[in-house]
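Visitor: I am new to this structure and should like to learn how its features are read. Might we begin with the pocket and then turn to the salt bridges?

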Amino acid sequence: MSFFKRLKERVSRTTESVTRTFVSGLSKTSDSLVGAMDDLFRRSKIDEEMYEELEEILIGADVGVTTTMELTDRLRQEVKERKIKDPQELKLLLSEILSDLLRGDEGDLKMNLAQEGLSVLLFVGVNGVGKTTTIGKLAHKLREDGKKPLLAAGDTFRAGAIEQLETWGKRVGADVIKHQAGADPAAVIYDGIQAARSRKADVLLCDTAGRLQNKVNLMEELKKVHRVIRREVPDAPHEVLLVLDATTGQNAIQQAKTFREAVGVSGIILTKLDGTAKGGIVVAIRRELGIPIKWVGLGEKVEDLQPFDPDQFVHALFADSIREEEEQGE
C-alpha cells in the first residue's frame, strides 16, 4: 500500500468536514508548493540540479533553510537506499518524509487542561495576529466540549481590545472580566481567577497586550502576569499559547523566540494559514523551535479554528496527487 493510501485511511478517521476545512484552508500553499514540485518532477532524471531547485521551492514556501536542508538530505538518502530513478516518485517520498518530520510526539499536540478545578490559558503574541479572535473561537470550542469558559481582558492598552473581547464573549456565551483601559493587566488576570472560582468556570482564557515596539516593557508585564497566575493557581498557567500570523513567514519564528525567552511557550496557534501560499512555515516552526503547533486558523468562521493534525496537513497539501493516484487505480 502506498503512503498516499495509508495517509487517506488515517485522515478518514476524522470527520469529512475537518478534512474539507484543511483542504480549503491550505489550497493556496498546495497550489504554490506542490504545483511547483509537479513541474520539477516531470524531468527525465534525478540529479543535483533537481535537488537544488527543490531547495529553492521549499525555502520559497517558508519551510526555512535549516529544515529544507534536513528534508532534502533525507530525500537524497531515501532515493539512494530505495534505488529510485523516476523523478515522479519523489513527490510521494517527500510527502512521507514531511509527515514524519511533523508528527513528533503526538501527545504534545493535545491541550493541557487540569483534571479537576480551574484551567488557566495564557495567550501571548504581537498585535494584529488575531489573538483576541482566536480566544473567542477557542472559547466556543470549549463550550462545545461541555466546558464553562471565562474570558479575562488583559490587553488593556490596545484601543478597542476590551470591546472586541466583549463582543466575542457575547457571541459565544462567555462572561468577560475587565477593567478600564490602561489598567494593570496583572490585576485584571487576578480578578479573572477569583471570578472564575466564584462562578465555577472550568477554563480562564487570558488575553494580553502585544505591542512589541515596547519589547522590554511588554515582556516584564507578561512576566508579572505569569507570576500572578502561578501564585494564585500553583500548577498554572496550564498552557502559554503563542498566537502567530502565518502570513508573516520567518518573522513569526523570531517572535516565537522572543516570547519563549520571556514567559516560556507551551504551544503555538498559527492563524491565517488560508491567507498565505507559504504554509511551509508550519514545518519550520515544528522543526526549528520544537514547540508543538496546537491549533491552526484555516478561515474566518468559528469552525475554521482546528486542532493541528499532521496527517490532515500533509493530506491537504497533496490532496490533488492523492486524488490522481486513486483515479489511476480505478
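Guide: Let us begin with a term: lining residues are those with an atom within 4 Å of a point of the pocket. Please note also that this is a predicted model.

Visitor: Which helix gives the largest share of the lining of the largest pocket?

Guide: Helix 13 does, with three residues. At least two residues each come from helix 1 (3-11), strand 7 (293-297) and helix 13 (310-317).

Visitor: How is empty space found in general, and what is the volume of the largest pocket?

Guide: Rolling a probe the size of a water molecule over the atoms shows where empty space is left. Here, the largest pocket has a volume of about 380 Å³. Its lining comprises 17 residues, and Leu109, Lys110, Pro307, Phe308 and Asp309 lie nearest the centre. By character, the lining holds eight charged, seven nonpolar and two polar residues.

Visitor: How many salt bridges does a search of the whole structure find?

Guide: A salt bridge joins a side-chain nitrogen of Lys or Arg to a carboxyl oxygen of Asp or Glu within 4 Å. The search finds 24 of them. One of them joins Asp245 and Lys272 at 3.4 Å, N to O. This pair links distant parts of the chain, 27 residues apart: Asp245 belongs to strand 5, and Lys272 to the loop between strand 6 and helix 12.

Visitor: Is Asp245 buried or exposed?

Guide: Asp245 counts as buried because its relative accessibility is 8%, and buried means under 20%. Lys272, at 34%, is partly exposed.

Key. Residues numbered from 1 in each chain as written. Predicted model: local features only at pLDDT ≥ 70, side-chain atom pairs only at ≥ 80, totals over all residues. Heavy atoms only, no water. 1 Å grid on protein atoms, 1.4 Å probe; cavity = no way out; pocket = protein on both sides within 12 Å on 5 of 7 lines; lining within 4 Å. Points joined across faces, edges and corners; volume = space filled by probe spheres on them. Helix = DSSP H or I, 4+ residues; strand = E, 2+ residues; numbered from the N terminus. Nonpolar A, V, L, I, M, F, W, Y, C, P; charged D, E, K, R; others polar. Buried < 20%, exposed > 50% of the residue type's maximum accessible area, 1.4 Å probe, protein only.
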